[in-house]
Amino acid sequence: MNSLQDILKDIQERRFSPIYFLMGEESYFIDRIEKELYHNVLLEEERAFNQVVLYGKDTAIDQILDAAKRFPMMTEYQLVIVREAQELSRVIDQLDSYVKNPQPSTILVICYKYKSIDKRKKLYKSLQEHAVLFESKQLYENQVPDWIQKWVKNKKRTINLKASHLLVECLGTHLSAIEQSLEKLLLVVDHDHEITENHIEEHIGFS
C-alpha cells in the first residue's frame, strides 16, 4: 500500500503510474491525490482532447476501458478520472485484465470512496502489483488537532493547540470542512499573528 506523502511527491516530480486506485472512508485524501494529478499531468491547453472525467453511477466498465485504451493527442499522456467508482462495486473486478496490462500513455484514476474493495479478490492483488493502491483511512478525533497543526505549518502559519481542539469540537473530523475554515482564517488573521481560539469563536461561529 502506498503512503499519501510518497504518492504526492512522485506526482509532483512527474513520476506517474498508469493506474491510481484510491479507496477508503476518508474522501479528503482521495480528493487531494486526484487534484494533484489534475494539476500535474496535463497543461490546461492539453485537457480538452486528453482528459476524460466519468462518474460511476452513469458509466459502464466498458466505457472506462474504451477511454483508457485511447491514445493521447499531441502530448505524452491522457488522463482518465473515474469519480464515484464505488457505484461500480458489483462489476469493478472486470478491471482486472486491464490492470495487469495497462495502456502506458494513459493515467487512469479510480476514486472509490467511503469503502474499500474486497482484499481477497484477484483485483486487489493485481492492483498491489501493477498500480498505485491507496487506502484513505479516517482520522480518529484525537489525531485531527495534530493534522490541523501540520496543515497550518505547511502554509507557514501557526495555530495554537487550544484553537485546534476547538475547531475539532466545532466541525468534528470532517477534514474538507476543517480545511475550508482554515483557509478562511488564513485570510482574516494577520500573517504574523498566531491563530487562537478567539479567532475560531469570532470567524467560525462557534462559541
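1. A residue counts as buried under 20% relative accessible area, as exposed over 50%, and as partly exposed in between. Asp 93, at 33% relative accessibility, therefore belongs to the partly exposed class, and the points below use these three words in the sense just given. The model discussed here is a predicted one.

2. On the overall picture, the protein chain has 207 residues, of which 49% count as buried, and its secondary structure comes to 10 helices and 5 strands. The C-alpha trace spans about 55 × 40 × 30 Å along its principal axes, while the chain exposes about 11,700 Å², with carbon and sulfur atoms supplying 46% of that area. Among the contacts with a separation of 6 or more, 76% are accounted for by residues 24 or more positions apart.

3. Strand β1, residues 19-24, deserves attention, since 6 of its 6 residues are buried. Ile 19, Phe 21 and Met 23 point one way from β1, and Tyr 20, Leu 22 and Gly 24 point the other way. The strand runs parallel to β4 (residues 106-113), to which 6 bridges join it, and it also runs parallel to β5, here with 4 bridges. In the pairing with β4, Tyr 20 has Val 109 as its bridge partner; in the pairing with β5, Phe 21 stands opposite Leu 133 and Leu 22 stands opposite Phe 134.

4. Strand β5, residues 132-135, is covered on both faces: Val 132 and Phe 134 lie on one side, Leu 133 and Glu 135 lie on the other, and all four are buried. A reader inspecting this strand may note that Glu 135 is among the buried residues.

5. The largest nonpolar core holds 41 residues, and the members that touch the most other members are Tyr 20, Ile 33, Leu 37, Ile 107, Val 109, Ile 148 and Leu 182. Helix α2 (residues 27-41) gives the largest share of this core, namely 6 residues. A second core, separate from the one just described, has 27 residues and includes Ile 19, Ile 61, Leu 95 and Leu 123. Tyr 20 is thus named in the larger core and Ile 19 in the second one, and these two residues point opposite ways from β1.

6. Leu 182, one of the members with the most core contacts, touches Ile 148, Trp 151, Val 152, Ile 159 and Leu 167, with residues up to four places away in sequence not counted. Glu 179, which lies in helix α9 (residues 175-188), touches Tyr 28 and Trp 151 on the same counting rule, that is, leaving out residues up to four places away in sequence. Trp 151 is accordingly a contact of Leu 182 and also of Glu 179. The C-alpha atoms of Glu 179 and Ile 148 are 8.3 Å apart in space, with their positions 31 residues apart in sequence.

7. What does a search of the whole structure find in the way of salt bridges? There are 9 of them. Side chains of opposite charge can pair when their charged atoms come close. In one of these pairs, Asp 31 and Lys 113, the closest N and O atoms are 2.6 Å apart; the pair links distant parts of the chain, with Asp 31 in helix α2 and Lys 113 in strand β4, 82 residues apart. The two partners fall into separate classes of accessibility, because Asp 31 has a relative accessible area of 29% and is partly exposed, whereas Lys 113, at 16%, counts as buried.

8. A further salt bridge joins Lys 121 and Asp 93, with 3.3 Å between the closest N and O atoms. This pair too links distant parts of the chain, since Lys 121 sits in the loop between β4 and α6 and Asp 93 in the loop between β3 and α5, 28 residues apart. Lys 121 is partly exposed at 37% relative accessibility, and Asp 93 is partly exposed at 33%.

9. In the salt bridge between Arg 120 and Asp 118, the closest N and O atoms are 2.8 Å apart. Arg 120 is exposed, with a relative accessible area of 70%, while Asp 118 is partly exposed at 27%. Elsewhere, Asp 10, Glu 13 and Arg 15 are joined into one network by salt bridges that share partners.

10. On the surface, Phe 49, Met 73 and Met 74 form a nonpolar patch, with about 400 Å² of accessible area together. Phe 49 lies in helix α3, residues 47-50, and counts as exposed because its relative accessibility is 58%.

Note on methods:
Residues are numbered from 1 along each chain as its sequence is written. This is a predicted model: local features need pLDDT of at least 70, side-chain atom pairs count only at pLDDT 80 or more; totals for chains, interfaces and linings use all residues. Side-chain values use heavy atoms; hydrogens and water are left out. Patches are made of residues with over 30% relative accessible area and no salt bridge: like charges are joined within 9 Å, nonpolar side chains (Val, Leu, Ile, Met, Phe, Trp, Tyr) within 5 Å. Accessible areas come from the Shrake-Rupley method with a 1.4 Å probe; for residues, only the protein chains shown count as cover. A salt bridge is a side-chain nitrogen of Lys or Arg within 4 Å of a carboxyl oxygen of Asp or Glu. Buried means under 20% relative accessible area, exposed over 50%, partly exposed in between (1.4 Å probe, protein chains only). Contact means heavy atoms within 4.5 Å. A nonpolar core is a set of buried Ala, Val, Leu, Ile, Met, Phe, Trp, Tyr and Cys residues joined through side-chain atoms within 4.5 Å. Two strands pair if DSSP finds at least two bridges between them.
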